[in-house]
Structures are given as structure tokens and as C-alpha cells.
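Hi,

Here is the structure I promised to pass on. Have a look at it first, and my notes on what turned up follow underneath.

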Amino acid sequence: MIRSGLVQFFLFFIYALVQVLLLKNVVLFNTAFCLLYVAFILLLPIETNNLLLMLAGFLLGFTIDIFYDSLGLHAFSLVLVGYVRNFWLATITPQSGYDSGVEPTLSDNGLQWFLVYSIPLIFIHHFTLFFVEAAGFSMFWFTMLKIITSLLFTLTVVLILQYVGLDRRRR
Amino acid sequence: MERLLKFIFEYRAFFTFLLLELLCAWMLIENNQYQSTRYFNTSNKLAANIISTSQSIKEYFSLRDINSELANENAALRKKLEQRNQILYSLELNQIKDPTIVNRFDFISAKVINNSTQLYKNFITINRGKAYGVEPGMAVISNEGAVGKVKSVSEHYSVIISLLNIDDQVSSKIKRTGHFGTVQWDGSDSKLIDLKYIPRHVMPLVGDTVVTSGFNAVFPDGIMIGIIKKVKLSEEAPFYQLKVELSQDFGKLSFVEVVKSNLKVEQDSLEVKTKGIPK
């Protein structure tokens, strides 16, 4: 089930607005951030071009940056995710390859595959984001704590949204 | 030449990647430069409109708190004014000679429309900009203490570097002893800030008040920063490691005042003339 370009276009704004208006204010234990917008890049169709991924990542990151007053920071990490994503997808291809029209989602590939797919990518994103923001490794363990807790938080929200989407499709 | 183009085309993904990352890195570095007028931040008109709408919805849920806070501030100010008048009256100092010294600072009241405390580099957006005379470099205070410095302004909004920003340093002093140092946030706890460069021979105590020093003409002298909570002096360190509990709870910031220092230009240009341009 491939979402059309127009739907992706609207999703772009939905992800950005939800992140900026809602999730920016949700921080658990002062360390866990929910950076849900990564899911936009993760969930684009499998055959999406590398260049398009990076460009989308740049634009989305830039939009988020404007609202976080951190010009370049989110864009930097999201472009990296956009670049790495297709290589990672190719690495974890099932033996038979992907069927055409399959999306990198939980409903199409199962929970185990989705976790293997998303955890490293979200980790890369959070890792670059928090260490670039801290401008070095001087607060290594505190930053690591932020990365891990944020990873768990973001992943949980992504999974919940995936299951909600799953239900809707079955009906 | 053809082979070169072919090579670039073959690795176009990688080159685009490099290009975009370099662009981002450049923006990051540019953005870290101090105080400037920038377009792509929350003082941007569209972005500011969106967050101020969302803020005005949120405000309905905290109106009661904000109201009582403002009422308290009003009462405290009125009391202070009355005391001051009494003192002036008894000292017959009603006519102070130099009006420029008396009117050294102007205050512009503003509402906070965007704020964060959990990032390493926190910024605050307020709803006053160039139209009200806000300029980059001005100090921002609340009735409970120092808040930060203006980083960039647009016509109706400005972005402030919060004290809770690992890049921000404010010259300050211990009120009791008069020794001065620098406060800078370490990035972890939003209620504590570090006071650095207090030399060994000073005896700071837990409970001492820390205020701004007024040395850099940004902040007025004696604006409250916080109270010393932890004193640590390691064996060989030349300076104390002091943790100061901030008097202003940055999570609850709702109204602030921008301090317009009318003599800043004069002080700065005099200092530049005698000492050269600071690094």
C-alpha cells in the first residue's frame, strides 16, 4: 500500500506541527525527549530515492530547527538518517527480497523486523543530535542517558502509532 | 572530464550527503556566534505566530498562577517605591543632579511565548521586538531574578539566550563578600547553575546570595541570580566549585522585562578605546 506523494506532503506538516506544538513540551524525567519526526523518514516507502530521503530530512529538520532555535542541529542528524536508511534497508533485506509496494512498517514486516530496522536508525539520530548539541563529549554519561531514555520514549510512541494504524487498516 | 563527471554522478548520493551536512554544520556554527539578527528562528513571523497561538491556548490553564504572581509583584514594587520615597524624603535627596544616571535603565515588559529548560542550549521567545526598542545584547530579567540576554530580534518578537544555556556566561558576585566570578550552566539540572572563578582565599558559605555584578553594562548591578547551595574546594584547584540554586524557576517563566541600558554604548566605547576590542 503506497501512500501517494500528496499524502506524504501532508504527513510532513503533521509530523512537524505535532513535534513543535505538542511533543516539544513533553519531556519525561528531564531527560527523555520524544523526537517523533524521525518516523517520517523511517516510514517513507522502501523504494524512495536516497537523494529524496536526504532532501526531505533536511527540510523537515530545518523546519523543526526554526522552532527549537537550534539552526542546523536537527537537520544535520536527520540528513544523516536519510543517508544511512537505504543502506540499512539493503543490509537487512529478507532472503526473498522485498515485495514491490511494501512499506517499511510494522504491519507489512512484523514486529521483530521493525525493531531491527528502527532501533539503530533512531539511535544514530539521537546520538548525533545530543552530542552535537552538547558540543563534545565532556558530559558523556549524562548525554548517553539522554540518548537512551529518548530512544525508548520515541520508539514507544512510534510503536503505539504503528499499532493504531494497524488496527485501522484491518477494519 | 567526462570520467570525473561520471564519477560524481555515480556517487551523487554521497556528494549530496556531504553537501547537505556541510550546509548544516555551517548553519550550526553561524548560529553559535553571539548576538545577531537572524531570520530562521522563533522570532520569525510565521513561527512566532504559530507558537504564540499555541501559548495563548496553554495560558488558559495557568491564568490563576500568573495573576497572583503579577499581583504579588505589584505589591512588592509599590512597597519598594514607598520605602524609597521615604528615604529620599528624609535625606532631602529628591533632586538628584544627573538625570542620565537616574534614567540609566529603561524596562520593557514582555510576555514569554516559548521556553525550554531541558536542552543544552535553551532559548526563550518573547512577544516584544524592534518595534518596542528591543535590541540584541540587552539583558532580560524577571521579578525573581536574571533571565538572560537578547540574541536576535525581529519586528515584533525576540529570542533570548536563557541563563540555562551552556554558552551563556554572566558576570556576577557574591553579595556578602563582594568577590566576583562568572555564572555558567553545566547542562544538567535546570534548578542549579555553576559559579566559577571564586578564588581560594574567599570564604563562600551555603546560603550566600549571588547577584549580577554590573561590570559588563548589560545587567544592572545587583540583580538576583540565586543562593549558594553547595560549596566544594578540591585539594589543588585554584577556584571553588560552587553550585547556585536559581531564584527564578525557569519552568514557570511567564512575564519578563527587557532592560534597556542607556549608557551601555558610552561604557562600551570607552572600554574599547582604552583596552582594545575584547575577544
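**Chain A, then chain B**

In chain A, 72% of the contacts with a separation of 6 or more are between residues 24 or more positions apart. Before you read on, keep in mind that this is a predicted model.

Staying with chain A for a moment: its secondary structure adds up to 7 helices and 2 strands. If you follow the sequence, the order is α-β-β-α-α-α-α-α-α. The chain has 171 residues, and 56% of them are buried.

One residue I'd click on is A:Leu111, which sits in helix α6 of chain A (residues 111-134). What does A:Leu111 touch, once residues up to four places away in sequence are set aside? The answer is A:Leu106, A:Leu159 and A:Tyr163. A:Leu159 is 48 residues away from A:Leu111 in sequence, but their C-alpha atoms are 8.9 Å apart in space. Even with those contacts, A:Leu111 counts as partly exposed, because its relative accessibility is 36%, and buried means under 20%.

**Two barrels in chain B**

Chain B is where the strands come in. Six-stranded barrels turn up there, so let me take them one after the other.

One closed barrel has 6 strands in the order β1-β2-β5-β4-β3-β12, paired antiparallel. On average, neighbouring strands in this sheet are turned by 45° against each other, ignoring direction. Here are some pairings you can check on screen:

- β2(B) (residues 121-126) and β5(B) (residues 158-165) run antiparallel and share 5 bridges; B:Phe123 faces B:Ile161 in β5(B).
- β3(B) (residues 139-142) pairs antiparallel with β4(B) (residues 145-153) over 4 bridges, with B:Ser142 opposite B:Gly145. A hairpin of 2 residues makes the link from β3(B) to β4(B).
- β3(B) also pairs antiparallel with β12(B) (residues 255-261), this time over 3 bridges, and B:Ile141 stands opposite B:Glu257 there.

β3(B) deserves a second look. Is it buried or exposed on its two faces? Both faces are covered: B:Ala139 and B:Ile141 are buried on one side, and B:Val140 and B:Ser142 are buried on the other. That split into two sides goes with a general point: side chains in a regular strand alternate between the two faces of the sheet.

A helix packs onto this barrel too. Helix α3 of chain B (residues 45-59) lies across β1(B) (105-115) and β2(B), and it runs at about 85° to β1(B).

The other barrel in chain B also closes with 6 strands, in the order β6-β7-β8-β11-β10-β9, and its pairing is antiparallel. From one strand to the next, the twist averages 40°. Within it, β10(B) (residues 224-232) and β11(B) (residues 241-246) run antiparallel and are joined by 6 bridges. B:Val231 has B:Leu242 in β11(B) as its bridge partner.

**A cavity lined by both chains**

How many cavities of 30 Å³ or more does the model have? The count is 1, and the largest cavity holds about 30 Å³ of space. Its lining draws on A:Lys24, A:Phe67, A:Tyr68 and A:Asp69 from chain A, together with B:Asn114, B:Ser116, B:Leu119 and B:Phe123 from chain B. By type, the lining residues are 4 nonpolar, 2 polar and 2 charged. You have already met B:Phe123 above, as the residue opposite B:Ile161.

**Two residues with positive phi**

A:Asp69, from that cavity lining, has a phi near 55°, which is positive even though the residue is not a glycine. You'll find A:Asp69 in the loop between α3 (50-68) and α4 (73-91) of chain A. A:Asp69 counts as buried because its relative accessibility is 5%.

B:Tyr197 is another non-glycine residue with a positive phi, at about 65°. B:Tyr197 lies in a loop as well, the one between β8 (192-196) and β9 (209-212) of chain B. Why does B:Tyr197 count as partly exposed? The reason is its relative accessibility of 41%, since partly exposed runs between the 20% limit for buried and the 50% limit for exposed.

Cheers

Conventions:
Residues numbered from 1 in each chain as written. Chains lettered and ligands numbered in written order. Predicted model: local features only at pLDDT ≥ 70, side-chain atom pairs only at ≥ 80, totals over all residues. Heavy atoms only, no water. 1 Å grid on protein atoms, 1.4 Å probe; cavity = no way out; pocket = protein on both sides within 12 Å on 5 of 7 lines; lining within 4 Å. Points joined across faces, edges and corners; volume = space filled by probe spheres on them. Nonpolar A, V, L, I, M, F, W, Y, C, P; charged D, E, K, R; others polar. Buried < 20%, exposed > 50% of the residue type's maximum accessible area, 1.4 Å probe, protein only. Contact = heavy atoms within 4.5 Å. Pairing = 2+ DSSP bridges. Axes fitted to C-alpha atoms, helices over the stretch in contact; angles between N-to-C directions.
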